[in-house]
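Subject: Structure handover

Hello,

Here is the structure you are taking over. Please open it next to this message, and then read the notes below.

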Amino acid sequence: MEIEPLHEDFGVRVRGFDLTAPLDSEEIALLHRLVDDYSVVLFPAQRMTDEAQMLLTSSLGEPEENHVIYGRTGELVYIGTVGNVIDGQTQRDESDPHTQSMKGNNLWHSDSSFRAVPSYISILHAYEVPKRGGATEFVSQRAAYKRLSGTKQTAIQDLHVLHDYVFSRTKTAPVHDNHAASLPPIEQKLVRSNPNNGLQNYYVGAHARSIVGWGGIESRLLIDELNALATRQEYRWTQFWTPGDTLFWDNRCILHRGTGYDADRYRRNMRQTRVRGLGPTLSE
Ligand SMILES: [Fe+2]
């Protein structure tokens, strides 16, 4: 197995590890450790299938259901398409409402930060990628927290933040009434600690709406400041996808966003699963 860094703040590329083979407990522990320590882990050239991806996801914890389908219909689905592909012949174009609602993924966010138990790991596998566009960008809120002054770290240490899916997503597309009703704003810790290595990070992104107990203007000043500090150009690492890439990211401390692509011209077929966090951030 070969490991090489992706960015000075975070991330490794791992070659020589087959994610689709049955994994023993040492290999599973290694995957958790890579996520704890490096936050983004890229495994190129994986011969992935939906079945193998679900097995891999279950081996790392409890799979998290797709909240869009669950919110709208109550149906439990644990793997979903990120992209516009429906099947081998058909895809959604730019005018499709689903394409529009997927554009919310182009805002910096942490997956499911608006859920009572937010996501631990997202696992995304690339099957078909656009010739142009369709990259995914990442930044570390752990590195960003480290860059704050000691005074600032202390000032934000005990704050709580409301995360609200409807607040963030209605900026790009309407949210179905059933779905909106299923996702009331959720209170999260602003500063989180990794339970295994003790490293701290702040936890904001597009779903972060307001600071609990603060007014709107003060809330937005702080949240906007923290988001801007984390996402500066020089702190980003961009994944330009190649079919066969499987990427893990740690939603506890990473922000990511899509960069967009022309859905009228290109097909994009990525499959995503997520591992649920261990509990609400307020009890961490
Ligand atoms: Fe996402």
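To begin with one pair you can find on screen, Arg-13 stands opposite Leu-42 in β3. Please keep in mind that this is a predicted model.

The strands around that pair

Arg-13 lies in strand β2 (residues 12-15), which runs parallel to β3 and is joined to β3 by two bridges. Helix α1 (residues 25-38) completes the arrangement: β2, α1 and β3 make a right-handed β-α-β unit.

β2 also pairs with strand β1 (residues 2-5), this time in the antiparallel sense and over four bridges. One of the facing pairs there is Glu-2 with Arg-15 in β2. The hairpin of β1 and β2 has six residues between the strands, and Gly-11 takes a positive phi near 95° in this hairpin.

β3 has strand β13 (residues 246-250) as a partner too; the two run antiparallel and are joined by four bridges. In this pairing Val-41 stands opposite Phe-248 in β13.

Are the residues of β3 buried or exposed? Strand β3 (residues 40-43) is covered on both faces. Val-40 and Leu-42 are buried on one side, and Val-41 and Phe-43 are buried on the other. In a regular strand, side chains point to the two faces of the sheet in alternation.

The nonpolar core

Which residues have the most contacts inside the largest nonpolar core? They are Val-40, Val-41, Ile-121, Tyr-202, Val-204, Phe-248 and Trp-249, in a core of 45 residues. Strand β5 (residues 119-128) gives the most to this core, namely five residues.

Val-204 can be followed a little further. Leaving aside residues up to four places away in sequence, Val-204 touches Val-161, Ile-223, Leu-226 and Asn-227.

A three-stranded sheet

Elsewhere, three strands form an open sheet with antiparallel pairing, in the order β8-β7-β11. β8 (186-189) and β11 (208-211) stand at the edges; each has a single partner strand, so one side of each is left without a neighbour in the sheet. On average, neighbouring strands of this sheet are turned by 40° against each other, direction ignored.

Strand β7 (residues 160-163) is joined to β8 by four bridges, and the two run antiparallel. Here His-160 stands opposite Lys-189 in β8.

One loop residue

Where is Asp-96 found? Asp-96 is in the loop between β4 (80-83) and α4 (97-102). Asp-96 has 14 C-beta neighbours inside 10 Å, and a residue is buried only from 20 and exposed at 12 or fewer, so Asp-96 counts as partly exposed. Its C-alpha atom is separated by 10.0 Å from that of Asp-264, although the two residues are 168 apart along the chain.

The whole chain

The chain has nine helices and 15 strands. Its radius of gyration is 18 Å, close to the 19 Å that the globule rule gives for 284 residues, so the chain is as compact as a globular protein of that length. Along its principal axes, the C-alpha trace spans about 50 × 45 × 35 Å.

Of the 284 residues, 38% are buried. Among contacts between residues at least 6 apart in sequence, 83% join residues at least 24 apart.

Regards

Terms used
Residues numbered from 1 in each chain as written. Predicted model: local features only at pLDDT ≥ 70, side-chain atom pairs only at ≥ 80, totals over all residues. Pairing = 2+ DSSP bridges. Right-handed = clockwise from strand over helix to strand, strands pointing away. Axes fitted to C-alpha atoms, helices over the stretch in contact; angles between N-to-C directions. Core = buried A, V, L, I, M, F, W, Y, C linked by C-beta atoms within 7 Å. Contact = placed C-beta atoms within 7 Å. Rg over C-alpha atoms; globule rule 2.2 N^0.38 Å.
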